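Colleague: I have a model open in front of me and would love some help reading it. Could you walk me through it feature by feature?

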Amino acid sequence: MSKIHVSTTINGDTAEFLCDPRETLLDVLRDRLGLTGAKEGCGTGDCGACSVTLDGRLVCSCLVLGAEAEGREIATVEGIAPGEELHPLQRKFIEHAALQCGICTPGILVAAKALLEKNPDPTETEVRYWLAGNLCRCTGYDKIIRAVMDAAAEMREAA
Amino acid sequence: MSVTRSHPHDAARLHVTGTARYIDDIPTPRGSLHLAFGLSDTARGTITALDLDPVRAAPGVVAVLTADDLPFANDVSPSAHDEPLLATGTVHYVGQPIFLVVAESHLAARRAARLARVEIAAEVPILTIDQAMAAESRFEEGPRLYARGDAAAAIAAAPRMVEGTLELGGQEHFYLEGQAALAVPQEGGDMLVQSSTQHPTEIQHKVAEALGVPMHGVRVETRRMGGGFGGKESQGNALAVACAVAARMTGRACKMRYDRDDDMVITGKRHDFRITYRAGFDDAGMLQGVEFVQYARCGWAQDLSLPVADRAMLHADNAYFLPNVRIESHRLKTNTQSATAYRGFGGPQGMVGIERVMDHVAHDLGMDPVELRRRNYYDAAAGDFSTKNLGGGARDLTPYGQRVEDFELHGMTDALMESAGYAARRAAVDAWNAEHSAIKKGLGFAPVKFGISFTLTHLNQAGALVHVYQDGSVHLNHGGTEMGQGLFQKVAQVAASRFGIPLEMVKITATDTAKVPNTSATAASSGSDLNGMAVKAACDTIRERMAAFLAERHQCEVAQVRFEEGRVFAGGAEMTFAQAAQMAYEGRVSLSSTGFYKTPKVAWDRIRGEGRPFFYFAYGCALTEVAVDTRTGENRILRADILHDAGASLNPALDIGQVEGGYVQGAGWLTTEELVWDEAGRLRTHAPSTYKIPACSDRPEVFNVALWDGQNREETIYRSKAVGEPPFMLGISAWLALSDAVAACGDAYPALDAPATAERVWDAIGRLRDGV
Ligand code: FES
Ligand code: FES
């Protein structure tokens, strides 16, 4: 099968790749671009481990074709930290011990960041339901919610 | 001093930046190949034709292997050698690997694996407990029996009696990282295997057998897993062996990871159980005699089913003294996935049995379920005066003859009832239920007493390897594996505190069979107990050598050399740890040591059911409040209050994380997580779309978790207690709360099976309301 040429922007940098028309954006990120922060937890849009944003919109990259990235802007967990400094969400996840095995963490950070961009002052319930598509088998979620609430508060103060 | 503090997880920074590597993230050598299994679509039968030509002809396929192509052992069983990597003429469950595809990409391998033409002469499969009992299809010659006194006579003589049957579903591990392995051929026929496994030594062992080489020809490395929960104790063997065999054959690196659906279809899960019970008791609720029959559905291969079923028997008492007791256990062989280790390892199933009895007895007597439980508790440990023991006499002997010498639950229950405001909330729930018929509320209380140690006594050992470099930095290795529980962090804290240095000076490295040999699985919650002690031993050896050297140089007693806050004090001299290391190196002192630990006191005869299988017990208790919509059965956890005993916690933040995660996983097991097989033996719930683990929105609205302020009465590492498995069983309180809410809908006992899905809850309410 002939490959498709795609030009896109990933975490602010332009990127080009060739991909199979059937290949998912998740596979392209992981296997062609070496960005392994997004994980495959199910491949069917049910776990959120592969979360990235596409033109600012939160998507499961396992449900997006690589070819669909043409001309769009993609943001992944690798782009969350602005340089050496960590993003407040990242810091709060460490501070609150909001991760155990950590494999859900990239997806949850991307999803939480997307929430806070839309809604800088979410209620706890809004956080819980926004993140309901991001499964975590280890933590029981409590510390995740606390970390997001705390990061939101800090970001509001800084803003 | 770095122990007993809440340091974050060692790799936290890597995790939040997406740079922590799991197997599938490791850059593979050029030309790496990818594998997939071709699976049986039939639960039981004989393969009559196998045409693999279409698979071989598929794009990207490099090789296709069947059992006949395997050069040496065709076995991935951790126990009874009854689990071939690839089927040998017969198939035993839907999902059993029949052939192996080696291809240029993961997708090419998976697509090709679907193209085989397989003909199987199907036989009637044995799928259910009833079918297995009727066919006498079992492991071991007959049921195991542990008993004390005459339970039947005690029940007959008791003023009151309840009896019943409980169906208890299995559970998918749903580690978010699926099974994965990568094998890279080395010179001279050696093999390096990276595996997502809780048991690198077992992987090494099975790979060596499959390659026909001594164990020294295989090195296995495991940096981390994306969750394990027991599901990576033996279930990773197949992938690692497949990769190694294919890598040997092709001379190229080979990687295999299961897609989620394949993972759920191929791998074993928690054993589902049926438990029948009879219990005799007096009007005060004191148990006189209890009988259990436990039926465990073990699947097609033995795997770890015997010790799992043993542990279910060993937890049939949970926290209660049973004066006369009989526990019979059937280990049934069925044409389903081979059930395997899962957090608690049978303990949860055993415990649910006695908690059901308690729930039933309390309902029968109309007695407060918390009070009933407390009356039947084991005697308090010496020195616990928080509660007067009821019942009189020595009530500290388990059904298997181990004395319970550290029973903490009297005091813990007092404290939880107080902090959770039980009495007032009980009254409020009752008042609510009296007034409302659409929404009913329920409260459930569950105590946990969980035995710590491998019941296979020889597994209770661990090794470590520690190096101090001449700049004072420390390299740490031990046999435990990291799956998110924070083991590496805890063990590094131990090392830092032994040398009196900051944590940053300790480098935690991947588990590696070439550094520490002959390790046990990271299982049975034993990770920090065993490895922490082994690391302590290694560090102390080096520290003593350094102390002896410095004492001589600075003319002081060895005992006067102190290691504190990154500095070393010897006589009048003071130096940094780095300087001390440099001096010791120049003084030709060895700065490297192994360490070893074996758990004392344990000795156990599993056939007679007698001895001391456990070094100590870990305790916990939980109170859960739920609301149930009686019109639909839908329900929600409103509040959970937990008090858990981690001894003198090595790291409270990590331990509380284990407690929260364990509770939620346990509650998921008993409420929403339902595995469904159809009559052909196909697992119909093989993805998160149909198998419902708790999500963020299911977290209890109010979630209060605290650690019990105590220390281990046995000499464990800094008097801490194991914390991996015990909190899982706190989730039983959620199921009991649902039972309580349903009970408010009628007079009869709800006899709620598990998982208590909305459907089951709704059914049970219907039965109560219809009076049937
Ligand atoms: S991998 Fe995309 S949602 Fe699970
Ligand atoms: S931390 Fe393991 S899945 Fe979330």
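Modeller: Happy to. Let's begin with contact, which means heavy atoms within 4.5 Å. Keep in mind that this is a predicted model. By that rule, 44 residues of chain A are in contact with 52 residues of chain B.

Colleague: How much area do chain A and chain B bury between them?

Modeller: About 4100 Å², with 54% of it on carbon and sulfur atoms. On the chain A side, the residues that lose the most area to chain B are A:Q100, A:R128 and A:R137, and together they make up 20% of what that side buries.

Colleague: And how many residue pairs are in polar contact between chain A and chain B?

Modeller: There are 23 such pairs, counting those with both residues at pLDDT 80 or more. As for where the chain A side comes from, α1 (25–32), α2 (88–95), α3 (105–118), α4 (124–130) and α5 (142–158) of chain A each supply at least two of the residues that touch chain B. The most come from α5(A), which gives four residues. Sorted by class, that side of chain A has 21 nonpolar, nine polar and 14 charged residues.

Colleague: With charged residues on that side, I'd like to look at salt bridges. How should I read one?

Modeller: Look for a side-chain nitrogen of Lys or Arg within 4 Å of a carboxyl oxygen of Asp or Glu. Over all chains, the structure holds 72 salt bridges. Across the interface of chain A and chain B, the rule finds eight. One to find on screen is B:D25 with A:K39, where the closest N and O atoms are 2.4 Å apart.

Colleague: Can we look at some others? Which residue does the side chain of A:D55 meet in a salt bridge?

Modeller: That would be A:R72, at 2.9 Å from N to O. A:D55 is in the loop between β3 (51–54) and β4 (57–60) of chain A, while A:R72 is in the loop between β4 and β5 (73–75), so the pair ties together parts that are 17 residues apart in sequence. A:D55 is partly exposed at 47% relative accessible area, and A:R72 is also partly exposed, at 28%.

Colleague: What about B:D655 and B:K490: is that pair buried or exposed?

Modeller: Here the cut-off helps: buried means under 20% relative accessible area. B:D655 has 1%, so that residue is buried, and B:K490 counts as buried at 4%. Their side chains meet in a salt bridge of 2.7 Å, N to O. B:D655 belongs to helix α17 (residues 652–671) of chain B and B:K490 to helix α14 (residues 487–499), so the bridge ties together parts 165 residues apart in sequence.

Colleague: Since we've reached α14(B), how do I check a helix like that?

Modeller: Compare the span you expect with the one in the model. At 1.5 Å a residue, the 13 residues of α14(B) should span 18 Å, and the end C-alpha atoms are 19 Å apart, which agrees. Then look at its surroundings: 13 of the 13 residues are buried, so α14(B) is largely enclosed by the rest of the structure. After the helix comes B:G500, which has a positive phi near 60°.

Colleague: Why would I pay attention to backbone angles?

Modeller: Most residues other than glycine have a negative phi, and most peptide bonds are trans, so exceptions are worth a look. Chain B offers B:R588, a residue other than glycine with a positive phi near 60°. B:R588 sits in the loop between α16 (577–586) and β24 (592–598) of chain B and counts as exposed at 79% relative accessibility.

Colleague: And what is the phi of B:Y718 near?

Modeller: Near 50°, again a positive value in a residue other than glycine. B:Y718 lies in the loop between β29 and α18 of chain B, and is partly exposed with a relative accessible area of 22%.

Colleague: Which peptide bond is cis?

Modeller: Go to the bond from B:A754 to B:P755, which is cis with omega near 0°. You will find B:P755 in the loop between α18 (732–743) and α19 of chain B.

Conventions: Residues are numbered from 1 along each chain as its sequence is written. Chains are lettered from A and ligands numbered from 1 in the order in which they are written. This is a predicted model: local features need pLDDT of at least 70, side-chain atom pairs count only at pLDDT 80 or more; totals for chains, interfaces and linings use all residues. Side-chain values use heavy atoms; hydrogens and water are left out. Buried means under 20% relative accessible area, exposed over 50%, partly exposed in between (1.4 Å probe, protein chains only). Buried area is the accessible area (1.4 Å probe) that two parts lose on being put together, summed over both. A polar contact is a pair of N or O atoms within 3.5 Å; within protein, one must be able to donate a hydrogen and the other to accept it, and residues adjacent in sequence count only if both atoms are side-chain atoms. Ala, Val, Leu, Ile, Met, Phe, Trp, Tyr, Cys and Pro count as nonpolar, Asp, Glu, Lys and Arg as charged, and the others, Gly among them, as polar. The expected span of a helix is 1.5 Å times one less than its number of residues.
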